[in-house]
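This report goes through the fold, the helices, the core and the unusual backbone geometry of one protein chain. It is meant to be read beside the sequence and the coordinates.

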Amino acid sequence: MRLFEAIVNANHRAAAGDPGAGLHPAEFAAALPVVALTCYDPRMHPLMPEVLGIAERDFVWLTNAGNIVPGPWSGAVRSLALACAVHEAKEIAIIGHNDCRFFQPGRYFLARRLQAYGMLLGAAATKLDEFLRGVTDEAANVRTAVAHVRESPLIPRPVPVHGLMVDVASGKLDWVANGYAAAVGGPASVVDSSPAPPAAPDSLGRAPAGPPTPDLTGPLDFKIGGELPPIGGG
Ligand SMILES: [Zn+2]
């Protein structure tokens, strides 16, 4: 079992009431530290990194509004890339959370507007959430974020990029995307630095296409910390 599979397994056992549930980080030393991008919702503070079962020293924490990754060259991805390069993070996790205000602006602002008139949504809020789910899906946002990070040339291919959701009330973790399957070469701890063997020509004798050339016209203004400073950084 690999690191994040063990994390989710231990988290589920703890949620089910198993007093012996827990992670043994020493067994996964080669996969640590990890870097996680979460929403900056204050409800995340008591959860991270405790729900992962790893120590703070093994946890590089980036936050932004709604853990949104707008594209493969975005500041969020650059900060994740720097976490891998500078802090030697071995695995990446995009961790969304339920009840995220950035994915329910309609409900949030409507509820506030109605409150101003002395009206409370109460149980009707749930119905409104269901109605808005098509544009307020936190898990879909995590899937998009994982895809942008995974396709970014800035992120080393062997680094697994996981997607998870955490329940802010219970701390329960759920998979959105298991990054081990998509990572090339397995966990970063087994990075093979030897040059790749030449690929064979295809059936028409054409030379194989090389790896895609990075778009160097994109923004390359690396900034230490970028727009996503780690919480608690001195
Ligand atoms: Zn949020």
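Two residues are in contact if their C-beta atoms, placed from the backbone, lie within 7 Å. By that criterion, and leaving aside neighbours within four places in sequence, Ile-94 is in contact with Leu-37, Asn-67, Val-69, Val-142, Ala-145, Val-146, Val-149 and Gly-163. The model is a predicted one, and its confidence deserves attention before the details are read.

## Confidence

The average pLDDT of the protein is 80, and 71% of the residues score at least 70. Over residues 186-199, however, the pLDDT is below 50, and this stretch has 20 contacts in the model beyond near neighbours in sequence. The pLDDT is likewise below 50 over residues 210-234, a stretch with 21 contacts of that kind in the model. Where pLDDT is low, the predicted coordinates should not be read in detail.

## Overall fold

Five helices and five strands make up the secondary structure of the protein, and from the N terminus on these elements follow the order α-β-β-α-β-α-α-α-β-β. Of the contacts with a separation of 6 or more, 75% are between residues 24 or more positions apart. Buried residues account for 32% of the 234 residues in the protein.

## The nonpolar core

In soluble globular proteins, nonpolar side chains tend to be buried together. The largest nonpolar core in this model has 42 residues, and those with the most contacts inside it are Val-35, Leu-80, Ile-94 and Val-149. At least two residues of this core come from each of α1, β1, β2, α2, β3, α5, β4 and β5, with α2 giving the most, seven residues. Two of the core residues just named, Ile-94 and Val-149, are also in contact with each other.

## Helices α1 and α5

Helix α1 covers residues 3-15, and its end C-alpha atoms are 18 Å apart, which agrees with the 18 Å that its 13 residues should span at 1.5 Å a residue. The buried residues in α1 are Leu-3, Phe-4, Ile-7, Ala-10 and Asn-11. These residues lie on the same side of α1, because they cover an arc of only 125° around the axis. An α-helix has 3.6 residues a turn, so residues three or four places apart point the same way. The buried residues of α1 pack against β3, β4 and β5, and just after this helix Gly-17 takes a positive phi of about 95°.

Within α1, Ile-7 counts as buried because it has 24 C-beta neighbours inside 10 Å, where 20 or more are required. Beyond neighbours within four places in sequence, Ile-7 is in contact with Leu-23, Leu-52 and Gly-53. The C-alpha atoms of Ile-7 and Leu-173 are separated by 8.8 Å, although these residues are 166 residues apart along the chain.

Helix α5 takes in residues 138-151, and the 20 Å from the first C-alpha to the last of its 14 residues is close to the 20 Å expected at 1.5 Å a residue. Its buried residues are Glu-138, Asn-141, Val-142, Ala-145, Val-146, His-148, Val-149 and Arg-150. The elements that cover them include α2 (75-86), β3 (91-97), β4 (161-166) and β5 (173-177). Among these buried residues of α5, Val-142, Ala-145, Val-146 and Val-149 are in contact with Ile-94.

## Unusual backbone geometry

Most residues other than glycine have a negative phi, and most peptide bonds are trans. The table lists the exceptions discussed here, with the loop in which each one is found.

| Site | Backbone feature | Location |
|---|---|---|
| Leu-32 to Pro-33 | cis, omega near 0° | Pro-33: loop between α1 and β1 (34-39) |
| Met-48 to Pro-49 | cis, omega about 0° | Pro-49: loop between β1 and β2 (59-64) |
| Asn-67 | positive phi, near 40° | loop between β2 and α2 |
| Asp-99 | positive phi, about 60° | loop between β3 and α3 (105-116) |

Are the residues with positive phi, Asn-67 and Asp-99, buried or partly exposed? Asn-67 counts as buried because it has 26 C-beta neighbours inside 10 Å, whereas Asp-99 is partly exposed, with 13 other C-beta atoms within 10 Å. Asn-67 is also one of the residues in contact with Ile-94.

Key. Residues numbered from 1 in each chain as written. pLDDT = per-residue confidence, 0-100. Helix = DSSP H or I, 4+ residues; strand = E, 2+ residues; numbered from the N terminus. Expected span 1.5 Å × (residues − 1). Buried ≥ 20, exposed ≤ 12 C-beta atoms within 10 Å, placed from the backbone. Core = buried A, V, L, I, M, F, W, Y, C linked by C-beta atoms within 7 Å. Arc of directions from axis to C-beta.
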